[in-house]
Amino acid sequence: MEDIFPTLESERTILRQFVDSDLKDVFKGLSHPDIIKYYGISFDSLEATKEQMHWFSNLEKNQNGIWWAICSKVDGKFLGAGGLNDLNKENKKAEIGFWLFPENWGKGFMTETMPLIFNYAFDHIGLHRIEGFVETENTNCKKALAKLKFNLEGTMKDCEIKNSEFISLDIYSKLNHK
């Protein structure tokens, strides 16, 4: 990837590198019941959330992904996060992930910012495929992926255990047709 972290901009947002002062916002997001209901991780303290900040940093350092802080262009306010992980250069694919504070849901931020990440993945990293693994019950995320023109490829039934229960995951993909 690049030596300098790429800042991406849309009409209303700036996607930038995480900084230490984002810790409180990342904790606010990854401890919020509405966000973590379908998210793979959660934290119960600021101290524990430092693990997530290290994860963001290590993605870049190890070149196996890249995540951005999604912020308002107007006032710099932290809105959420999104990016790529599980980057596989050999097979030219990565997994997409994103979350927003609930007060930002339904305002078009995902459909505005995610194409910036897709374009970066396809044009700068050279990916051919972006994958999304979504809990079958997560209708909001599935609607967002449909708006972003992801294709539903199928469902992995009872493939993971969460809160001592089996869950199913729907597999979505977006291919680079350039």
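The exchange below asks why certain labels are given to parts of this structure.

User: What kind of model is this, and which residues enter the totals?
Analyst: This is a predicted model, in which local features need pLDDT of at least 70 and side-chain atom pairs count only at pLDDT 80 or more, whereas totals for chains, interfaces and linings use all residues. Residues are numbered from 1 along each chain as its sequence is written, and side-chain values use heavy atoms, with hydrogens and water left out.

User: What makes the 8 strands a sheet, and in which order do they lie?
Analyst: Strands (E, at least two residues) and helices (H or I, at least four) are DSSP runs numbered from the N terminus, and two strands pair if DSSP finds at least two bridges between them. Under that rule the 8 strands form an open sheet with mixed pairing, in the order E1-E2-E3-E4-E5-E6-E8-E7. Its edge strands are E1 (8-9) and E7 (151-162), each of which pairs on one side only.

User: How do you know that the pairing is mixed, and in which sense do E5 and E6 pair?
Analyst: E5 and E6 pair in the parallel sense over 3 bridges, with Ala94 standing opposite Ile130 in E6. Between E5 and E6 the chain passes through helix H4 (residues 109-125), and this β-α-β crossover is right-handed, a term that applies if, with the strands pointing away from the viewer, the path from the first strand over the helix to the second runs clockwise. By contrast, E4 and E5 pair in the antiparallel sense over 7 bridges, Ala81 having Trp99 of E5 as its bridge partner. The antiparallel sense also holds for E6 (residues 129-135) and E8 (residues 165-175), again with 7 bridges, and here Gly132 has Tyr172 in E8 as its bridge partner.

User: Why is E5 called largely enclosed?
Analyst: Buried means under 20% relative accessible area, exposed over 50%, and partly exposed in between (1.4 Å probe, protein chains only). Of the 8 residues of E5, 7 are buried, so the strand is largely enclosed by the rest of the structure. Helix H5 (residues 139-147) lies across E5 (93-100), E6 and E8, running at about 155° to E6; such angles run from 0 to 180 degrees between N-to-C directions, and the axes are lines fitted to C-alpha atoms, for helices over the stretch in contact.

User: Is Ser72 buried or exposed, and which residues does Ser72 touch?
Analyst: Ser72, placed in strand E3 (residues 66-72), has a relative accessibility of 14% and therefore counts as buried. Leaving aside residues up to four places away in sequence, Ser72 touches Arg12, Lys77 and Leu79, where contact means heavy atoms within 4.5 Å.

User: What makes the meeting of Lys73 and Glu9 a salt bridge?
Analyst: A salt bridge requires a side-chain nitrogen of Lys or Arg within 4 Å of a carboxyl oxygen of Asp or Glu, and the N to O distance for Lys73 and Glu9 is 3.2 Å, so the pair qualifies. Lys73 lies in the loop between E3 and E4 and Glu9 in strand E1, so the salt bridge ties together parts that are 64 residues apart in sequence. Lys73, at 35% relative accessibility, counts as partly exposed, and Glu9 is likewise partly exposed at 48%.

User: How far apart are the closest N and O atoms of Lys28 and Glu103, and what does the pair link?
Analyst: The closest N and O atoms of Lys28 and Glu103 are 3.5 Å apart, and the two residues form a salt bridge. This pair links distant parts of the chain, since Lys28 is in helix H1 (residues 23-29) and Glu103 in the loop between E5 and H4, 75 residues apart. Lys28 and Glu103 each have a relative accessibility of 39%, and each counts as partly exposed.

User: Where do Lys50 and Glu47 lie?
Analyst: Both residues lie in helix H3, 3 residues apart, about one turn of the helix, and they form a salt bridge with closest N and O atoms 3.1 Å apart. Lys50 is partly exposed at 36%, whereas Glu47 is exposed at 56%. A search of the whole structure finds 10 salt bridges.

User: Why is Asn163 called exposed?
Analyst: The relative accessible area of Asn163 is 68%, and Asn163 is therefore exposed. Asn163 sits in the loop between E7 and E8 and has a positive phi near 55°, although it is not a glycine.
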